[in-house]
Amino acid sequence: MTVDVDATDQLETGDPIAATVGILPQLSVLEMLLHPGSVRVIANSALLAAGIIEILPVELPMAVLVWGPNRVVPVKISQLGITEQAFNPTLSPIRASVDVSAQVLTYDDLSLTDVGYGLYLAHLVGKEVLATAGAAIGTAGAISDLIRA
C-alpha cells in the first residue's frame, strides 16, 4: 500500500513540531517498525561482547493494520520505502509518500500468548461470520431466481 503523509493541516494551525521538524516524527514511527530500539541494540552488543549471549533474534514491536472495523490484523512490515516530496526551510520533510509491504501474521506465526494471536483469531471468526452471511445471501438469491423462473 502507499500512504501519503502531509503536514499541511498542522502547518496551517501553527503546530510548532510540524513547523520545526515537519513529518519526521511520523516517518520515524514507521521506520522503527523495522528496527529494534537503540537501548536493546546496545544492551545486546554489551552482552555479546561479554560472551553472555551468542545470537538473539531481533524483537520488533507488533504492527497492527486497521483497515476498518472488520479488518484488524497483526502484520510484519517487510519493506518500507519513503519518498520525501516537499520540505520546510530547514529541509525537514513536510510531505512524503510511503510504500509499505506487509505480511499478515497468522496463528502459525505467533505464540498462543502473543496478543497478535488473539487479534488474528478474532479476524478469522469475523471472516467466517461474513462468509456464512455471504453464502446465505447467495443461496437465498439462487432460490429466488428459481422461483421467478
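This is a guided tour of one protein chain, moving from the whole fold to a few single residues.

**The whole chain**

Keep in mind throughout that the model on screen is predicted. Begin with the entire chain in a cartoon view, where five helices and four strands can be picked out, and follow them along the sequence in the pattern β-α-α-α-α-β-β-β-α. If you turn the C-alpha trace onto its principal axes, the trace spans about 75 × 50 × 20 Å. The radius of gyration of the chain is 23 Å, whereas a compact globule of 149 residues would have a value near 15 Å.

Now switch on the surface, which comes to about 10,400 Å² of accessible area, with 63% of that area belonging to carbon and sulfur atoms. Buried residues make up 19% of the 149 residues in the chain. Among the contacts that join residues at least 6 apart in sequence, 55% link residues at least 24 apart.

**Helix H4 and the residue after it**

Next select residues 38–49, which form helix H4. At 1.5 Å a residue, these twelve residues should span 16 Å, and because the end C-alpha atoms of the helix are 16 Å apart, the model agrees with that expectation. Then move on to Gly51, just after H4, where the backbone takes a positive phi of about 80 degrees.

**A nonpolar patch on the surface**

Select Met62, Val64, Val66 and Val115 together, and show their side chains on the surface: they form a nonpolar patch with about 330 Å² of accessible area between them. Within this group, centre the view on Val66, which is found in strand E2, residues 63–66. Val66 counts as exposed because its relative accessible area is 53%, over the 50% cut-off for that class.

**The loop between E3 and E4**

Strand E3 covers residues 72–87, and the loop between E3 and E4 holds the next stop, Leu91. Leu91 has a positive phi of about 70 degrees, although it is not a glycine. With a relative accessible area of 66%, Leu91 is exposed.

**Ser97 in strand E4**

Finally, select strand E4, residues 93–104, and find Ser97 within it. Is Ser97 buried or exposed? Its relative accessibility is 12%, so Ser97 counts as buried, the limit for that class being under 20%. To see what surrounds Ser97, display its contacts beyond the neighbours within four places in sequence: these are Thr2, Val3 and Asp4, together with Gly81, Ile82, Thr83 and Gln85.

Methods:
Residues numbered from 1 in each chain as written. Heavy atoms only, no water. Helix = DSSP H or I, 4+ residues; strand = E, 2+ residues; numbered from the N terminus. Expected span 1.5 Å × (residues − 1). Patch = residues over 30% accessible without salt bridge, like charges linked within 9 Å, V, L, I, M, F, W, Y side chains within 5 Å. Areas by Shrake-Rupley, 256 points an atom, 1.4 Å probe, with all protein chains shown as cover. Salt bridge = Lys/Arg side-chain N within 4 Å of Asp/Glu carboxyl O. Buried < 20%, exposed > 50% of the residue type's maximum accessible area, 1.4 Å probe, protein only. Rg over C-alpha atoms; globule rule 2.2 N^0.38 Å. Contact = heavy atoms within 4.5 Å.
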